[in-house]
Amino acid sequence: MSQPTIESILQEKRLFHPPAEFSQNAHIKSLDEYKQLYEKAQADPEGFWAELAEKELHWFEKWHQVLDWQPPFAKWFVGGKINISYNCLDRHLTTWRRNKAALIWEGEPGDSRTLTYAELHREVCQMANVIKQLGVQKGDRVGIYMPMIPEAAIAMLACARIGAPHTVVFGGFSAEALKDRLEDAEAKLVITADGGWRKDAIVPLKEQVDKALQAGASSVDNVLVVKRTAQDIHMEPGRDHWWHDLQQGASGKCPAEPMDSEDMLFILYTSGTTGKPKGVVHTTGGYNLYSHITLKWAFDLQETDVYWCTADVGWITGHSYIVYGPLSNGATTLMYEGVPRPSNPGCLWDVVEKYGVNIFYTAPTAIRALMKMGEHHPNARDLSSLRLLGTVGEPINPEAWIWYHRVIGGNRCPIVDTWWQTETGGFMITPLPGATPTKPGSATLPFPGIIADVVDADGEPVTNQSGGYLVVKHPWPGMMRTVYKDPDRFRRTYWEHLRPANGEYIYFAGDGAHQDEDGYFWVMGRVDDVINVSGHRLGTMEIESALVSHPMVAEAAVVGKPDEVKGEEIVAFVTLEGENQPTEALEKELKQHVVNEIGAIARPGEIRFTDDLPKTRSGKIMRRLLRNLAAGQEISGDTSTLQDRSVLEKLRGGA
Ligand code: WTA
């Protein structure tokens with residue numbers, strides 16, 4: 001059950017055709033129809049996207065230019081005026097959808113709530129008014145640090161409504177990580193909750209916010225607190241306000257601000273190859289269209305579907321495919337606070353059964369964990385409502401794919417393996433379930449309008465199947481616009497690694513991939529210093545800086561090691577300052593230190609103490625060798641640049 005290797009997936013030849021019945025009723029009904037759309041978009045990308053933008057979205061004012069492309073900076077629907085909160089709410093209120101369930105929410109302890117479009121609209125307006133009352137104006141940034149409760153979505157939509165870009169920070173990040181993000185975004189307000197439920201315990205979110213604000217983030221004037229877990233918390237007079245108090249007097253009317261298509265909608269921080277997380281910037285019009293249409297076509301969203309994505313709103317998947325994409329389509333989106341836990345390992349299937357979920361979207365790491373728990377959990381529930389299954393976050397190994405298809409999908413649900421990134425805003429390579437025959441382990445073909453390719457280190461197309469770097473060759477509406485406050489980093493990170501001879505700007509995704517004889521893409525995983533633990537992106541540098549900030553650590557090098565369930569596991573090689581000696585207690589302390597600095601998702605699985613790290617003569621740590629060592633493999637490749645060969649011997653024998 002390990003990560004696929006080129007060898008293992010090249011042998012994967014099974015082909016699954018869309019069930020005829022599914023295709024008949026689908027938005028896109030055949031491979032021919034997909035090909036026509038793809039070719040149409042390729043021939044005239046601007047015309048293709050403009051037609052969809054006109055048809056699928058509400059605009060206060062139409063754009064005067066579809067695309068302004070000054071590589072690598074793109075502007076879409078230039079001059080257009082739009083509000084994504086309007087598209088997600090107001091426009092549905094004049095139709096029968098007014099009383100349709102917009103958001104179904106299930107809390108971990110079993111409490112639940114359903115909000116119709118009219119109700120959601122009202123609460124969003126109330127929160128928008130409260131936010132304004134707290135001094136937030138159009139253009140001001142708002143931090144959102146929330147559990148998976150309806151108010152998380154309400155907060156995002158409220159910010160979007162008044163034109164205040166949000167930055168959602170995953171509730172599992174530590175106070176330190178929260179502080180860094182609030183500081184970089186210069187947030188004026190933080191919206192949080194007293195706590196959230198996770199595995200039958202309270203995650204003390206407000207306490208983390210207090211710590212973050214004590215340590216810095218001085219731009220924050222106010223904190224809006226939703227009551228969820230109801231334990232005693234500190235409320236700083238003048239700074240902290242209960243949502244339920246302010247909601248009382250707040251009007252349920254708040255017109256959506258007409259935003260410029262290119263106004264910033266949100267910043268979402270993501271790990272890269274240097275220590276500091278990058279603030280990925282998405283803007284309004286293009287992102288609205290892209291998250292909307294990708295969900296509609298790739299998940300074949302239908303009017304009566306109950307759609308459930310298990311991600312957290314703190315990640316891009318939650319932004320695009322729990323909140324904005326589904327609501328813009330007028331769909332019913334389900335939000336669940338819980339995760340499989342010892343007290344209820346089958347909780348996901350309870351939720352599917354209770355609400356008759358039709359479309360279910362999760363990550364390979366979750367599928368592998370569920371496989372381990374055993375088939376008896378899903379088998380004991382009625383999962384017959386399911387008609388489509390999605391996956392995202394990392395390459396899915398064929399075994400997990402087949403299990404998902406058979407045990408959860410009853411051999412009848414198409415599996416939609418979606419390759420995309422925080423940076424891309426929405427699905428890039430994905431089957432269209434009524435059209436695309438699927439192959440376990442492949443994300444299949446690019447979405448219409450997306451020109452993807454695999455290139456070599458010179459940026460030239462790889463013609464054989466040996467693989468190379470995954471790139472995108474034409475701008476698309478959902479693409480990130482820049483790194484917040486750092487356009488140079490945007491250019492360097494994504495556009496300057498690979499420059500083909502013709503001088504074209506191509507988008508470098510940071511993933512390795514190859515294409516098979518049918519043009520199907522097989523994504524192999526990151527080719528940079530990013531590791532993917534349970535579908536979460538973590539930069540090795542980030543974890544290394546966390547480790548060396550501990551007073552006893554001299555140097556640290558972090559690598560990923562294959563893990564059956566998580567995909568990858570973090571292994572840290574650490575050298576100690578002076579006379580400090582490695583002990584079990586210190587190992588524990590260092591792991592906890594990383595948790596405090598970043599969050600539990602970054603906890604190293606293993607710490608290996610060593611006297612020295614393998615370096616090149618120019619002093620660069622040779623992570624490739626450490627990866628081999630961590631995985632218990634023979635050292636492969638060239639070691640001639642190694643400065644001191646005895647280091648390897650010691651690491652092999654000692655650690
Ligand atoms: C990986 C999550 C293979 C990939 C939406 C990418 C995948 C990174 C897939 C982005 C997939 C995501 N197959 N790999 N279907 N989906 N990845 O920004 O390495 O959290 O670059 O966005 O996840 O992670 P991010």
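This passage describes the ligand surroundings, three backbone features and one open sheet of a predicted model.

The ligand is surrounded by 17 residues, and the closest of these are Asp417, Thr418, Thr422, Asp511 and Arg537. By residue class, the shell around the ligand divides into six nonpolar, six polar and five charged residues. Several pairs of atoms link protein and ligand: a polar side-chain atom of Thr422 lies 2.5 Å from an oxygen atom of the ligand, and an N or O atom in the side chain of Arg537 is 2.8 Å from an oxygen atom of the ligand. The backbone also takes part, in that a backbone N or O atom of Glu394 lies 3.3 Å from a nitrogen atom of the ligand. On its own the ligand has 530 Å² of accessible area, of which the protein covers 96%. Two elements, helix H12 (316-328) and strand S25 (521-526), are those that give two or more residues to the shell around the ligand.

Strand S25 also belongs to an open sheet of four strands, in which the order is S21-S22-S24-S25 and the pairing is antiparallel. The edges of this sheet are formed by strand S21 (452-455) and by S25, each of which pairs on one side only. On average, and with direction ignored, neighbouring strands of the sheet are turned by 45 degrees against each other. At one edge, S21 is joined to strand S22 (residues 468-472) by four bridges, and these two strands run antiparallel. Within this pairing, Ala452 has Val472 in S22 as its bridge partner.

Turning to the backbone, a cis peptide bond with an omega of about 0 degrees joins Pro71 and Pro72, and Pro72 is found in the loop between strand S1 (65-70) and strand S2 (73-78). Two residues that are not glycines have a positive phi, namely Ala217, with a value of about 50 degrees, and Lys485, with a value of about 65 degrees. Ala217 is found in the loop between helix H9 (205-215) and strand S11 (222-226), whereas Lys485 is found in the loop between strand S23 (482-483) and helix H17 (487-495). As to their exposure, Ala217 counts as buried because its relative accessibility is 3%, which is under the 20% limit. Lys485, with a relative accessible area of 49%, is partly exposed, since this class lies between the limits of 20% and 50%.

Key
Residues are numbered from 1 along each chain as its sequence is written. This is a predicted model: local features need pLDDT of at least 70, side-chain atom pairs count only at pLDDT 80 or more; totals for chains, interfaces and linings use all residues. Side-chain values use heavy atoms; hydrogens and water are left out. A residue is near a molecule or strand if one of its heavy atoms lies within 4 Å of it. A polar contact is a pair of N or O atoms within 3.5 Å; within protein, one must be able to donate a hydrogen and the other to accept it, and residues adjacent in sequence count only if both atoms are side-chain atoms. Accessible areas come from the Shrake-Rupley method with a 1.4 Å probe; for residues, only the protein chains shown count as cover. Ala, Val, Leu, Ile, Met, Phe, Trp, Tyr, Cys and Pro count as nonpolar, Asp, Glu, Lys and Arg as charged, and the others, Gly among them, as polar. Buried means under 20% relative accessible area, exposed over 50%, partly exposed in between (1.4 Å probe, protein chains only). Two strands pair if DSSP finds at least two bridges between them. Axes are lines fitted to C-alpha atoms, for helices over the stretch in contact, and angles run from 0 to 180 degrees between N-to-C directions.
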